[in-house]
Structure formats: C-alpha cells, structure tokens
Amino acid sequence: MPNSKLDQFIKNSQAAENENFCLSKNDLLKSLDEVPFVHLPSFEQYKRCEIDKNGISTACIEADWGVANSGTVVIDSSKEEIRLASSLAEHLQVVLLKSKLVNTIFDIKDYMKKQTEKDNAYIAFITGASRTADIERILTIGVHGPVKMTVFIIKDL
C-alpha cells in the first residue's frame, strides 16, 4: 500500500503505462529544448508551433491537479491550443507540481465548480495514452490522443 499521495499517484500512473519522473525545476527546463509546444505557466515557459490534423511530436503542458487514487492529471483545456496540443501530440509530457496532488477527485470539487461555470469550459482528465478497441476487441493506442505519456513531478518552486 502506498504511503503517500506521491507514491500512490506514481503507482497508479505507472499502472496506466506512463513514465513518471521526479525532477528539479532546472532539470525540467533543460529538457524542453527539443519540445515544439510548451505551456508551463508556473515556470513562465511558453513555446508554440503550428498544430494541424497531423498533430505534433511532443507537447509539454502543466497540469492543474494530479489525482493520486487514479494517477490522473487534470488540465484546464478551455483554450483550443491546449486542447489540440494535449490530444494531438504523439508524446504528451505533463508537468505536475507536487503541491497540486490530491487524494481523490472530490478534493477538487471547488476548482471544478469554478472552472465549469465559465463559458466554453473544457476540463481534461488524462490518465495515460489514448486506448481504444474496435468491435473485434483489437486494442489500438494513440487514436484519440497521445501514444505515450510522461509525468514530470516537480517539488514546489
């Protein structure tokens, strides 16, 4: 049994076949050079590229919350560019501040109420790479979202 929210989050995220790394802010920033789309408000790091129907190789996006009991990240995707980047990137990198870990989805009910009261609200709950199966139960990864997901957990700034 995991002994902390962080341990539980990593365990459940790994169960969804995600890679998880605990990094320092500096190590994270060094890793962004080759990433074409970056949206990290807490680090004041932004990089944009054209995203069309063919998608992009990699996007790095900051999560608003991480839910330990499911290994899920919660991202306000109300802005179209964030929604496109998180769903059309082959490799989705998600940055999660350790302080933004909660035990269950019920722990962010006030956040959800506030966000969904806005016009055009769109909150994404992402637990791992996109998986879908056809009627013959053949699993395909990456049809409706990323093929690979990595979560970078950062100690607070």
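Colleague: What makes R83 count as lying over the face of Y122?
Modeller: In this predicted model, R83 is 4.7 Å from the ring centre of Y122. The distance cut-off for a charge over a ring is 6 Å, with CZ of Arg also within 35 degrees of the ring normal. R83 is placed over the face of Y122 on that basis.

Colleague: Which ring has the charged end of K100 over it, and how do you know?
Modeller: The ring is that of W65, and the charged end of K100 sits 4.6 Å from its centre. That value is within the 6 Å limit for NZ of Lys.

Colleague: How many aromatic pairs are there in the whole structure?
Modeller: The search finds 2 aromatic pairs. In one of them, W65 and Y111, the ring centres are 6.0 Å apart and the planes stand at 70°.

Colleague: Why is the W65 and Y111 pair called edge-to-face?
Modeller: Centres must lie within 6.5 Å to pair, and planes over 60 degrees apart count as edge-to-face. With 6.0 Å and 70°, W65 and Y111 meet both conditions, so the pair is edge-to-face.

Colleague: Which parts of the chain does that pair link?
Modeller: W65 belongs to strand β5 and Y111 to helix α4, 46 residues apart, so distant parts of the chain are linked. Both W65 and Y111 are buried.

Colleague: Which residues of α4 are buried, and how do you know which side they are on?
Modeller: Helix α4 covers residues 109-116, and its buried residues are Y111, M112 and Q115. They cover an arc of only 95° around the axis, which puts them on the same side of α4. The face turned away from that side carries the exposed residues K109, D110, K113 and K114.

Colleague: What do the buried residues of α4 pack against?
Modeller: They pack against β5 (65-67), β6 (72-76) and β9 (123-126).

Colleague: What is the order of the strands in the open sheet of 4 strands, and what makes a strand an edge strand there?
Modeller: The order is β8-β5-β6-β9, with mixed pairing. β8 (101-102) and β9 each pair on one side only, and they are the edge strands. α4 packs on this sheet, touching β5, β6 and β9, and its direction makes about 140° with that of β9.

Colleague: How do you know that β6 and β9 are paired?
Modeller: DSSP must find at least two bridges between two strands. There are 4 bridges joining β6 to β9, which run antiparallel, so the condition is met. D76 has I123 in β9 as its bridge partner.

Colleague: Why is S86 called buried?
Modeller: The relative accessible area of S86 is 6%, and buried means under 20%, so S86 qualifies. S86 lies in helix α3 (residues 80-88). Leaving out residues up to four places away in sequence, S86 touches I61, S77, L92, I126 and P146.

Colleague: What makes the buried residues of α3 line one face?
Modeller: The buried residues are I82, A85 and S86. Viewed down the axis of α3, they fall within an arc of 90°, so they line one face of the helix. What covers them includes β2 (37-40), β4 (56-62), β6, β7 (89-97) and β9.

Colleague: Which strands stand at the edges of the open sheet of 6 strands, and why?
Modeller: The order is β1-β12-β7-β4-β2-β3, with mixed pairing. β1 and β3 (45-47) have a single partner strand each, so one side of each is left without a neighbour in the sheet. The twist averages 15° from one strand to the next. α3 packs on this sheet, touching β2, β4 and β7, and its direction makes about 115° with that of β7.

Colleague: How do you know that β12 has its partners in β1 and β7?
Modeller: The pairing condition is at least two bridges. β1 (residues 19-23) is joined to β12 by 5 bridges, and β7 to β12 by 7 bridges. Both counts satisfy the condition, so both pairs stand. β1 and β12 run parallel, as do β7 and β12. For β1, N20 has V151 as its bridge partner in β12; L92 has M149 there, and Q93 stands opposite T150.

Colleague: Why is β12 described as largely enclosed?
Modeller: In strand β12 (residues 148-154), 6 of the 7 residues are buried, so the rest of the structure largely encloses it. For the chain, buried residues make up 41% of the 157 residues.

Colleague: Which strands does helix α1 lie across?
Modeller: Helix α1 (residues 5-15) lies across β1, β7 and β12, running at about 150° to β1.

Notes. Residues numbered from 1 in each chain as written. Predicted model: local features only at pLDDT ≥ 70, side-chain atom pairs only at ≥ 80, totals over all residues. Heavy atoms only, no water. Buried < 20%, exposed > 50% of the residue type's maximum accessible area, 1.4 Å probe, protein only. Helix = DSSP H or I, 4+ residues; strand = E, 2+ residues; numbered from the N terminus. Arc of directions from axis to C-beta. Contact = heavy atoms within 4.5 Å. Phe/Tyr/Trp six-rings, centres within 6.5 Å; stacked < 30°, edge-to-face > 60°. Axes fitted to C-alpha atoms, helices over the stretch in contact; angles between N-to-C directions.
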